[in-house]
2 protein chains.
Amino acid sequence: MTISNLSDGEGLRLAAADAGLLEGGIRSAGLKVTAPRLAVLRALTDRPHSTADALFGVVRADLPGTSLQAVYGVLASFTSAGLVRKIEPAGSPALFERRVGDNHHHIVCTHCGVVHDVDCAVGHAPCLTPADALGFDVRAAEVIYWGLCAQCQAESALP
Amino acid sequence: MTISNLSDGEGLRLAAADAGLLEGGIRSAGLKVTAPRLAVLRALTDRPHSTADALFGVVRADLPGTSLQAVYGVLASFTSAGLVRKIEPAGSPALFERRVGDNHHHIVCTHCGVVHDVDCAVGHAPCLTPADALGFDVRAAEVIYWGLCAQCQAESALP
DNA sequence: CATTTTGTTTTGAGTAAATCAAAACAATTC
DNA sequence: GAATTGTTTTGATTTACTCAAAACAAAATG
C-alpha cells in the first residue's frame, strides 16, 4: 500500500487541504509518514474520543487494506510520541484524542457513554496537588467526572 | 461448601472475632452470608487495592473450593450493594477496596503500580465541580494521581 | 536515480481480564 | 423441615489488546 492511494473521489480535495498539516505533525514527531498514519490522524481529527476499533472502521473506508493491528500500532506510536492522548475511563476500551499538552479532563455519561472535554476545575492546576502526596513525585492528575448528559436526562424524564 | 468450614487452625480465633463484623456488613447490605463472601471481605480488609485475581489467591488458601468466578461474582454483588468500591486505573485490572462512602482518591506509582489512598485535594469537595459541566448532572469525580512512589524514586537514584 | 537502511504494516497466533449461562447447591423464609 | 430464593460451580465465550515473524514502504545515502 502506497501513499498515493490515500484518497479518491470526493475525499480528494479535503485530503489535499489537510494532508500538509497532518503530514507535518507526524513528521515533526519524528515518525515516518504513511498512509495508515494519515488516515488514523484524520479520523481522529473528526472524531475525538474514539476507540481503536471505531477508528479502524473509519480508516478502512478510506484505506481498505488497513489492519486493526496497524491502527493499534499507529495509536501506540502516536501516543508515545505525544501526538495523541490515550484515556481509559473505567468500563470502556481506551479512547484517543488529538488534544494534548493542556491539562484538560473528561466528563463521561454513565448512561450513553458520551465523552466531552472539560477544562480544569478550580483555578490554574486544580487537583494537581493532593492533600498529602505520601512521598510520591506526582507527575499527572487525571480527573474524570461521571454523570448523566443533558440528552439522557431528558430521555429519562419522559413518561 | 458450607459456612462451617470457613476457617480452621490458627485462623479460627481471628475469624471468630471478625466474623460478626463482616457478617453484619454483608447481611445489612441485603446479601446472603456465605463462606466465599466472608473470605473475600476478610481478604479485602487485609489488602485494600487488590485485583480479583489476587483476592482469589488469598481466598483459595482459606477456602480451597472457591472458584475465580465466585470471586468475581462476590465482588460484583459487593460493588453494586455499595459494600466495596471498584477502581480501574489505566493499564491495570480492576482493584477493590472496602473504604467507601467518602470522596477519596488514589495515587498510583507509574513504576511499581502501588496504590495509596489520598484525601481530596482542595477544601471540601474539590474537583467535584468542573469548570463547565456542559449540561451534565455530575454525580462523581474520580481523581487519579500518577507519579513515582518514594521507594521507586530512591531506587532510580542509585548508581 | 538506485541502493541500503530503518521503521512500519500485514498476517496470524496468543493472552489477560472479565462475562455469560446452566446446573448444582446453600442460605434464608415460611 | 420443606420451599423459595439467591449463590456458586463448571465450562464456554468474549472483548480488548499484545506479540512475533515476514513482507513491505519510507527515508537516508551514495
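Biologist: Which polar side-chain atom lies 2.7 Å from a phosphate oxygen of DNA strand C?

Modeller: That one belongs to A:R37. A polar contact here is a pair of N or O atoms within 3.5 Å; within protein, one must be able to donate a hydrogen and the other to accept it, and residues adjacent in sequence count only if both atoms are side-chain atoms. Before we go on, this is a predicted model, where local features need pLDDT of at least 70, side-chain atom pairs count only at pLDDT 80 or more, and totals for chains, interfaces and linings use all residues. Residues are numbered from 1 along each chain as its sequence is written, chains are lettered from A and ligands numbered from 1 in the order in which they are written, and side-chain values use heavy atoms, with hydrogens and water left out.

Biologist: What else lies 2.9 Å from a phosphate oxygen of DNA strand C?

Modeller: An N or O atom in the side chain of A:S67 does, and so does a backbone N or O atom of B:A94. As for elements giving two or more residues to this surface, they are α2 (35-46) and α4 (68-80) of chain A, plus α4 (68-81) of chain B. Helices (H or I, at least four residues) and strands (E, at least two) are DSSP runs, numbered from the N terminus. With 3 residues, α4(A) gives the most.

Biologist: How do I read the surface as a whole?

Modeller: A residue is near a strand if one of its heavy atoms lies within 4 Å of it. There are 22 residues around DNA strand C, and A:K32, A:T34, A:R37, A:A70 and B:A94 come nearest. On the DNA side, 73% of the strand's atoms within 4 Å of the protein belong to sugar or phosphate, the rest to bases.

Biologist: Now α2 of chain B: is this helix largely enclosed or open?

Modeller: Buried means under 20% relative accessible area, exposed over 50%, partly exposed in between (1.4 Å probe, protein chains only). In α2(B), 10 of the 12 residues are buried, so the helix is largely enclosed by the rest of the structure. Among them are B:P36, B:L38 and B:L41.

Biologist: Which residues have a positive phi although they are not glycines?

Modeller: A:H49, at about 65°, and B:L134, at about 55°, are two to look at. A:H49 sits in the loop between α2 and β1 (50-51) of chain A, and counts as buried at 16% relative accessibility. B:L134 is in the loop between β5 (115-118) and β6 (137-148) of chain B, and is partly exposed at 38%.
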